[in-house]
Amino acid sequence: MNKILNYIKNGKGIGGWFILALSVLYILIGAFKFDVNKPKLVSVIQAAADQVLPIKIQNGVLTQPAQSRRQAILEFSDDAQNYNIRSNDNNDNSDANTQNNQNSMVFVVDPTISSLENEEVIFPGIYLTKNAAFLVNNDEIRIKPYSQDVEIQKADYSNEISAFLTALQWFIIGFGIIFLFLYYLIGVLFFSFCTSILTALTRRNMSFDSKMRLNTICMIVISLVSYILMQVVGISLHYSIFFALMILAELTYLVKLPKPEPASESQSEDKK
């Protein structure tokens, strides 16, 4: 404990390497979980392909399937570590009405419609209609008219799906580390600003680097505790609780710092 306190007070730098280490740790844990679940995800995506293929687009028109609707709904857990495929035959959306949430993605192939106006439930996902593809992302809908002929036969694409997911995994690892590092760095900067307010209120002195090191250590500890709680008992710390714990940790450290002596007293002692 004394080594940590001494590092905060007399160490060098802002603790950037610790922030980077935390970012790498979380991304590698996520990548490991993804790798473990990848075979199941491959089978789920292949099952979805089996339900909607074959597809043929010719001269800007969806010609296959001819007059039937095909769809597959991918459902996944809050932590995206569990997947399930569900299909609804034709236009039967009665079950979907009660399950429309952010943890579902749909792929619909329907040559009998030209828009989504009559859809009872619109999940995030891809809708291939007669003349265009509708890309739905929460409340945003983008329309992409067919610009070229496409024909995808019904077959086993497991190897291609696995290769794509592997490439996606490496991309997410690289991008995710950078994103998390910047995310935590901005968080540390914000709480360092809060520390500046607290030092003024408690009449303590701290350099900018010391504030950064303090909040880096506090954020790492609280983040790890929050992660362990989530994994063990399924409890996630709310942002307000996280904020309160960070402020409490800052105050706990600040009260250990001595108050600077008043200028008048120090000057009189110098004269003596």
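**Why these labels: packing, burial and backbone**

Modeller: Ser226 touches Ile235 and Leu237, leaving aside residues up to four places away in sequence. Contact here means heavy atoms within 4.5 Å.

Colleague: What kind of model is this, and how are the residues numbered?

Modeller: It is a predicted model, numbered from 1 along each chain as its sequence is written, where local features need pLDDT of at least 70, side-chain atom pairs count only at pLDDT 80 or more, and totals for chains, interfaces and linings use all residues. Side-chain values use heavy atoms, without hydrogens or water.

Colleague: Back to Ser226. Where is Ser226 found, and is Ser226 buried or exposed?

Modeller: Ser226 is found in helix 4. Its relative accessible area is 15%. Buried means under 20%, exposed over 50%, partly exposed in between (1.4 Å probe, protein chains only). Ser226 falls under the first cut-off, so Ser226 is buried.

Colleague: What makes Leu180 buried?

Modeller: Leu180 has a relative accessible area of 16%. That is under the limit, so Leu180 is buried. The place of Leu180 is in helix 3. Not counting residues up to four places away in sequence, Leu180 touches Ser23, Tyr26 and Ile27. Leu180 and Tyr26 are 154 residues apart in sequence, but 8.7 Å apart in space, C-alpha to C-alpha.

Colleague: Why is Phe190 called partly exposed?

Modeller: Phe190 has a relative accessible area of 41%. That value lies between the two cut-offs, so Phe190 is partly exposed. Phe190 is in helix 3 too. Its C-alpha atom is separated by 9.6 Å from that of Met212, 22 residues apart along the chain.

Colleague: What do you count in the protein as helices and strands?

Modeller: There are six helices and nine strands. Helices (H or I, at least four residues) and strands (E, at least two) are DSSP runs, numbered from the N terminus.

Colleague: Why are helix 3 and helix 5 called oblique to each other?

Modeller: Two packed helices are described by the angle between their axes and the distance between the axes. Helix 3 (residues 158-202) and helix 5 (residues 239-254) pack at about 50°, with axes 10 Å apart. Axes are lines fitted to C-alpha atoms, for helices over the stretch in contact; angles run from 0 to 180 degrees between N-to-C directions. Under 35 degrees is roughly parallel, over 145 roughly antiparallel, 65 to 115 roughly perpendicular, the rest oblique. The angle of helix 3 and helix 5 fits none of the named ranges, so the pair is oblique.

Colleague: Is the crossing of helix 3 and helix 5 left-handed or right-handed?

Modeller: Helix 3 passes helix 5 in a right-handed crossing. By definition, the near helix is turned clockwise from the far one by less than a right angle; anticlockwise would be left-handed.

Colleague: Which residues meet between helix 3 and helix 5?

Modeller: On the helix 3 side, Tyr183, Phe190, Phe191, Cys194, Thr195, Leu198, Thr199 and Thr202. They meet Tyr239, Phe242, Phe243, Met246, Ile247, Glu250, Leu251 and Leu254 in helix 5. By class, this contact has 12 nonpolar, three polar and one charged residues. Ala, Val, Leu, Ile, Met, Phe, Trp, Tyr, Cys and Pro count as nonpolar, Asp, Glu, Lys and Arg as charged, and the others, Gly among them, as polar.

Colleague: At what angle do helix 1 and helix 4 cross?

Modeller: The axes of helix 1 (residues 2-10) and helix 4 (residues 208-233) cross at roughly 145° and come within 7 Å. Ile4, Tyr7, Ile8, Lys9 and Asn10 in helix 1 meet Ser210, Arg213, Leu214 and Ile217 in helix 4. That contact divides into five nonpolar, two polar and two charged residues.

Colleague: Now the backbone. Which peptide bond to Pro54 is cis?

Modeller: The bond from Leu53 to Pro54, with omega near 5°. Pro54 lies in the loop between helix 2 (16-52) and strand 1 (55-58). Gln64 and Pro65 are also joined by a cis peptide bond, with omega about 5°. Pro65 sits in the loop between strand 2 (61-64) and strand 3 (70-76). Most residues other than glycine have a negative phi, and most peptide bonds are trans.

Colleague: What is phi of Asn59, and what makes Asn59 exposed?

Modeller: Phi of Asn59 is near 55°, a positive value in a residue other than glycine. Asn59 is in the loop between strand 1 and strand 2. Its relative accessible area of 66% is over the upper cut-off, so Asn59 is exposed.

Colleague: Why does Arg203 count as exposed?

Modeller: Arg203 has 61% relative accessibility, over the upper cut-off, so Arg203 counts as exposed. Arg203 is placed in the loop between helix 3 and helix 4. Phi of Arg203 is near 60°, also positive.
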